[in-house]
Amino acid sequence: MNDSTHPLLHGLNAQQRAAVTTPAGPVLVLAGPGSGKTRVLTHRIAWLLTELRIPAWQVLAVTFTNRAAREMRHRLTDMLGDTSAREMTLGTFHAACVRILRREAEAANLAPNYAIFDSDDQLAVMKQVVKDMNLDDKRYKPRALLNAVSSAKNELIAPDAYPIHTYYDEIIARAYGHYQQLLRNSDGLDFDDLLMKTANLFRDNPLVREKYQRRYRNILVDEFQDTNMAQYVILKALGHEHQHLYVVADEDQSIYSWRGADYRNIRRLREDFPKLTQYLLEENYRSTQVILDAAQAIIAGNRDRTPKHLYTHQPGGDLLTLHEAYDEQEEAEYVAREIRALLRSGREPGAIAVMYRTNAQSRALEEALMKAGIPYRLIGGTRFYTRREVKDILAYLRLVNNPDDDVSFTRVINVPRRGIGAKTLEAVAAQARVQQGSLAKGMMALLHAGTLSTRAHNALLGFASMLKQWRTARENVTVAALIDHVVTDSGYEGYLRDGSDDGESRWENVMALRGAVSDVPNISLTDFLTEVALVADVDELAEEIDAVTLLTLHSAKGLEYPVVFLTGLEEGMLPHSRSMETLDDIAEERRLLYVGMTRAEERLVLSYAFRRGWGYYGSSEPTEPSRFLADLPDEVLGQRQGRRAPQSTPRASWSVGAWGQSSERTAPRPQPEPEYRTGQRVRHTHYGEGMIIESQMEGRDEMVTVMFSSGVGVKRLLAGMAPLEALSEH
Ligand code: ATP
Ligand code: MG
C-alpha cells in the first residue's frame, strides 16, 4: 500500500510519502528547513516497524541532541500506540557509542566502568599536561590544545599519526599523546573518544563489527550534514554491508564545522553508496512565505550550494521587523517590551524564542526579561550539572564507580578539608607516576609503604577507607542511599550547610540531584553517571514551564517557534569576529543566520545595536550592522529607515520595522480542522475497533483519545501518525 489512504502516510505530501515508503537500500533525503525531514524520518521508522515488520531492536536512529531523541521516541510511541519504540536504539551518536563501548569494553580494551570526562574535566587534564610538559601556558593555552586534540580525534588521527609541519604541531602531537596517557591512567574517556574508540573498535575487530552490523540492520540519521568524520566512519562500518542506511540532511544548515562536522560527508555518502536513492522535499510547512523569502535571500549569498526552492501553501504573512537599538541594554529592553505586548495580545510565552550568537549575550536579555517579569528559560546558562556542589557529589560517585578517575580524585580528596595538603598530594602524584598508575593507586602504595608523616598517613587512610566502604556499599544500596552515605561520611553536608543562605541553596541542589536519582528506581551507579555525562546543554530545557526560550543560534537547530527574535546582528557578532578569517567561516556564519531565521513560523524580528560593550576597558564601541542584512529584499521589510542613531543623540532608538501593521498584512494561517469527532468509530491496526472520546488540535497535529473495545482501554494517539482509520457510520 503506497498511497494517502494508509494511516501511516496520513499527513504527508506525495514527496514525503515516496521517501517514507522507499524500498530498502541506501537513501538520502536532501531538503530545506521545515520541509518535514525529521517528520519523514520518524514516519520511516514507523513504516519499518509496522509495514516491513522490522523488530524495533534492529533499528538504530541517530538524532543531534538527546532532546530531539526524546521527542522522536514520544512521537513514535503515539504513532504506534504501543511501547515497541522503547526497544529501539534512539539517541545521539555519543549515547549509542557509550552503550556499545560499555558492552564491548573488553574488546575495546577499556575498563567496564570507564568514566566520561566532561569539558571541565578535560580542561583539568590538559592543564596537567601543560604543567607536566613544562610548557608556557600563555603560549600553549590548554583550551587551544584541547581544540586541536578534539579535531584530531574527530578525524580519527591517533597521537603518533598527528601531522607535523611546524614546531607548534610537534607540541600538539606530544600534548595529545600525554593527554591520552593521563586519561588512560584514570580509565577516562572524553566525548571525542567515545566516537573514536567505537570507530577503531569496528575497524580492528571484525567479529564485533559483524555483530553490530547484524544487530543494527536499519540505520537512520537526522541532521546528517553535521556529522563528523568519526561518525561517518562508524555509519559506514555498520551500514555498508547491508546498505540499509537512511539519512536526511540540508547542507545549508551545516553549522558545526568548528566541532569537526563536515558536510562533505554528503559527497562521501554518494561515493561510498553508489546505489543511493535521493529524495527532495520542497514544500515548507513551518514558516510564512515572507519568512521563507527573507531566509532564501540570505542563503543565496553563499556560493557552491545547490539552489533549492522552498515554497509554502500559505502565502504572505507578517513582514519582518528590523530594529536598531542604541546599545545592547536597549536592545534587550526593546525585546522585553515587544514580548510583553505579544503576551498581552494572547501569545503564550512558550511560543517565543530569543536567539543570539554567543552565550554571553544572554546576560542583558535575562536582566531585561527579569525586570519585565517575563518568565524565561535559558539554554546553556549555569547548567545544573556544572554547579560546584553538584560536581563535587558527582566526583565522589564517580570515584566510587571508578577509583582510578584522577580528575574526580583531585576534586574531592580534600573537599571538605581533611588535612591532606599540597605536599601529601605531591607525594601521591609522584608515586602514581612511578607506577604509571592512577592517583588512587599511588595513594594505596604510599599507605602500604608507610613513609608519610603520621598525620598525613592517617588523613589519607581515612579517605581511603571511606572510599572502600562506599565501594562495598554500592553493591547493596540504591544510588540515592549511596549519596546519603557519601554526604554524611565525608562530612560534606556539614561543610556545605554552614548556616548561610548560599549554603542552604547549594544543599538544595544536592538534594535535587538525589531526587533525580530517586526518579529512576533501580538505576545502577554506572548507568546514572553515564546519563549525567550525556546531558547536553540543550537538554536543560525544562519542558513543563511555559516560558520564553533564550538560546544560541547553534542550539536552535531542528526547533521551531511561532515568534523568533534574532538579536545582535552586527559585524563582529554575526559574523562573529573569530569567524571572519576565511570565506568558509563567513559562509558558515551565514548558514547560522539562515538556521535562526528558518526557526520562525509566523513572526521574525531582527535587531542590532549601534554600540556594544565589548571594547577595551568596558567602553562600548560603535558597530556596523551585519553585512548579511544588506541581502534582505525590501519586499520582506517594506522599507528601511533610520539606518543609524547619530552619535549626538545618545540613547536614541527607533524601530525601523513594524511594517506588519501595513495593509500587506495577511490573515493568520488558518488552523487545520480536526478530522475526527467525538463518538466516531475507528479501527487501529493493533488495538482493533474503538470510539473517539476526544479530539483536539495540538499545533498542526490532531490528538485523539480513543476508547478501544479490546482490553487495552483508553489511548491517546496522534491521528496523523497512528495506524488508525475511520469506520463508516453503519
Ligand atoms: P529542519 O531542517 O529545521 O530540521 P525539517 O525538515 O526537519 O526542518 P520538520 O521539523 O520535520 O522539518 O517539519 C517542520 C514542521 O512542519 C513541523 O511542525 C512538522 O510537523 C510540519 N510538517 C511537516 N510535514 C508536514 C505535512 N505534510 N503536513 C503538515 N505538517 C507538516
Ligand atoms: Mg529536522
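This report describes a predicted model of one protein chain with its ligand 1.

## Basis of the model

Local features require pLDDT of at least 70 and side-chain atom pairs pLDDT 80 or more, whereas totals for chains, interfaces and linings use all residues. Residues are numbered from 1 along each chain as its sequence is written, chains are lettered from A and ligands numbered from 1 in the order in which they are written, and side-chain values use heavy atoms, with hydrogens and water left out.

## Overall architecture

The chain has 730 residues, of which 54% are buried (under 20% relative accessible area with a 1.4 Å probe, protein chains only; exposed is over 50% and partly exposed lies in between). Its secondary structure comprises 25 helices and 21 strands, taken as DSSP runs numbered from the N terminus (helices H or I, at least four residues; strands E, at least two).

Among contacts (heavy atoms within 4.5 Å) with a separation of 6 or more, 73% join residues 24 or more positions apart. The accessible surface of the chain is about 32,500 Å², and carbon and sulfur atoms account for 51% of it; such areas come from the Shrake-Rupley method with a 1.4 Å probe, and for residues only the protein chains shown count as cover.

## The surroundings of ligand 1

Around ligand 1 there are 19 residues, of which K37, R39, Q253, E560 and R599 come nearest (a residue is near if one of its heavy atoms lies within 4 Å). The shell divides into 3 nonpolar, 10 polar and 6 charged residues; Ala, Val, Leu, Ile, Met, Phe, Trp, Tyr, Cys and Pro count as nonpolar, Asp, Glu, Lys and Arg as charged, and the others, Gly among them, as polar. Helix α2 (residues 37-50) gives the most to this shell, with 3 residues. Domain 1 (7-105 + 195-283) and domain 3 (292-383 + 538-658) both supply shell residues, so ligand 1 lies between them; the domain bounds come from an automatic or database domain assignment.

An oxygen atom of ligand 1 is 2.5 Å from an N or O atom in the side chain of E560. Polar backbone atoms also take part: that of G34 is 2.9 Å from an oxygen atom of ligand 1, and that of G11 is 3.0 Å from a nitrogen atom of ligand 1. Taken alone, ligand 1 exposes 630 Å², and the protein buries 88% of that.

## The environment of N401

N401 belongs to helix α15 (residues 388-401) and counts as buried because its relative accessibility is 4%. Leaving aside neighbours within four places in sequence, N401 is in contact with N113, R471, R474, L525, T526 and L529.

Note on methods
A polar contact is a pair of N or O atoms within 3.5 Å; within protein, one must be able to donate a hydrogen and the other to accept it, and residues adjacent in sequence count only if both atoms are side-chain atoms.
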